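Student: Got a minute to go through this one with me? I'd like to start with one residue and work outward.
Tutor: Sure, put it on the screen.

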Amino acid sequence: MSWFRRVFLSSIGKKFWMGVTGVLLCLFIAFHLTANLVFFLGKEAYNGLSASLEKIPILPLLEVGLFALFGLHILLGIVLYFDNRSSRDRYAVYGTKLGGFGTWASKNMIWTGAIVLIYLGIHVRRFVFSEVPELNGHADYHGLNFEVFSSTLYALWYIFGVAVLAVHISHGFQSAFRSLGVNHPVYTPFLEWLSAAAAVVVGVGFASIPIYVLIKGA
């Protein structure tokens with residue numbers, strides 16, 4: 001039981017698993033974004049890729065694993081938030097200072113994470129459980145994007161959601177590596193730069209489709 005407590009319940013153990021889940025989710029986001037950008041290669045390419053992904057035999061298992069990964073990441077985020085808050089309260093009682101530095105993104109990870117969770121719930125509801133239109137007897141996932149983002153209100157909400165996700169990643173990406181022990185004055189500045197670059201790529205990349213649909217439909 002002591003090893004379980006050390007690996008999963010200690011402060012270091014919780015931060016380690018937070019880092020692991022964060023890196024895995026970043027890999028999923030990179031894959032998801034790459035697949036999304038195939039949209040700009042045209043209907044045939046996008047519908048072909050989507051149909052291929054739908055045919056993966058272990059897709060249901062992968063979806064369950066992804067759901068569990070999100071759940072564990074969220075749970076650890078909430079636990080660490082209250083752990084850190086409790087630590088700050090203890091230092092305040094003893095009249096000492098703790099931290100005080102950090103970016104706006106690092107101080108508001110719990111709130112940007114909560115907004116991203118709401119955004120994901122609506123996003124999954126809108127894309128996964130919607131009826132896909134047909135084109136020549138086949139599912140038209142390309143057309144589904146036009147159908148969904150033709151609603152200006154939903155498109156603006158989606159853009160806001162991915163902007164918040166970008167802010168979350170701007171700190172979460174570098175924080176995940178620090179939690180895994182990758183922290184050194186030589187390469188930490190590079191990780192910070194990489195986090196900022198990843199945030200911009202994710203925000204602009206995901207927002208590009210609704211912006212394209214809004215402009216094209218105007």
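Student: Start with Asp83. Is it buried, partly exposed or exposed?
Tutor: Asp83 is partly exposed, because its relative accessibility is 30%. Keep in mind that this is a predicted model.

Student: What does the Asp83 side chain meet in a salt bridge?
Tutor: Lys14. The two side chains form a salt bridge, at 2.6 Å from N to O.

Student: Where do the two sit in the chain?
Tutor: In distant parts of it. Asp83 belongs to helix 4, residues 59-93, and Lys14 to helix 2, residues 11-37. They are 69 residues apart.

Student: And Lys14, buried or exposed?
Tutor: Buried. Its relative accessible area is 13%, and the cut-off for buried is under 20%.

Student: Why would such side chains pair at all?
Tutor: Opposite charges can pair when the charged atoms come close.

Student: How many salt bridges does the structure hold?
Tutor: One.

Student: Okay, zoom out. What is the secondary structure of the protein chain?
Tutor: Nine helices and two strands. The order from the N terminus is α-α-α-α-α-α-β-β-α-α-α.

Student: What lies between strand 1 and strand 2?
Tutor: A loop, and Asn136 is in it. Strand 1 covers 134-135 and strand 2 covers 138-139.

Student: What about the phi of Asn136?
Tutor: Phi is near 55°, so a positive value in a residue that isn't glycine. Most residues other than glycine have a negative phi.

Student: Is Asn136 buried or exposed?
Tutor: Asn136 counts as exposed, because its relative accessibility is 70%.

Student: Different asparagine now. Where is Asn145?
Tutor: In helix 7, residues 141-149.

Student: Buried or exposed?
Tutor: Asn145 is buried, at 4% relative accessible area.

Student: Which residues is Asn145 in contact with, leaving aside neighbours within four places in sequence?
Tutor: Phe39, Tyr46, Phe127, Ile209 and Val213.

Student: Now the whole chain. What share of residues counts as buried?
Tutor: 32% of the 218 residues.

Student: And how much area does the protein chain expose?
Tutor: About 13,800 Å². Carbon and sulfur atoms supply 70% of that.

Student: Last one. Of contacts between residues at least 6 apart in sequence, what share joins residues at least 24 apart?
Tutor: In the protein chain, 72% of them do.

Notes. Residues are numbered from 1 along each chain as its sequence is written. This is a predicted model: local features need pLDDT of at least 70, side-chain atom pairs count only at pLDDT 80 or more; totals for chains, interfaces and linings use all residues. Side-chain values use heavy atoms; hydrogens and water are left out. Helices (H or I, at least four residues) and strands (E, at least two) are DSSP runs, numbered from the N terminus. Buried means under 20% relative accessible area, exposed over 50%, partly exposed in between (1.4 Å probe, protein chains only). Contact means heavy atoms within 4.5 Å. Accessible areas come from the Shrake-Rupley method with a 1.4 Å probe; for residues, only the protein chains shown count as cover. A salt bridge is a side-chain nitrogen of Lys or Arg within 4 Å of a carboxyl oxygen of Asp or Glu.
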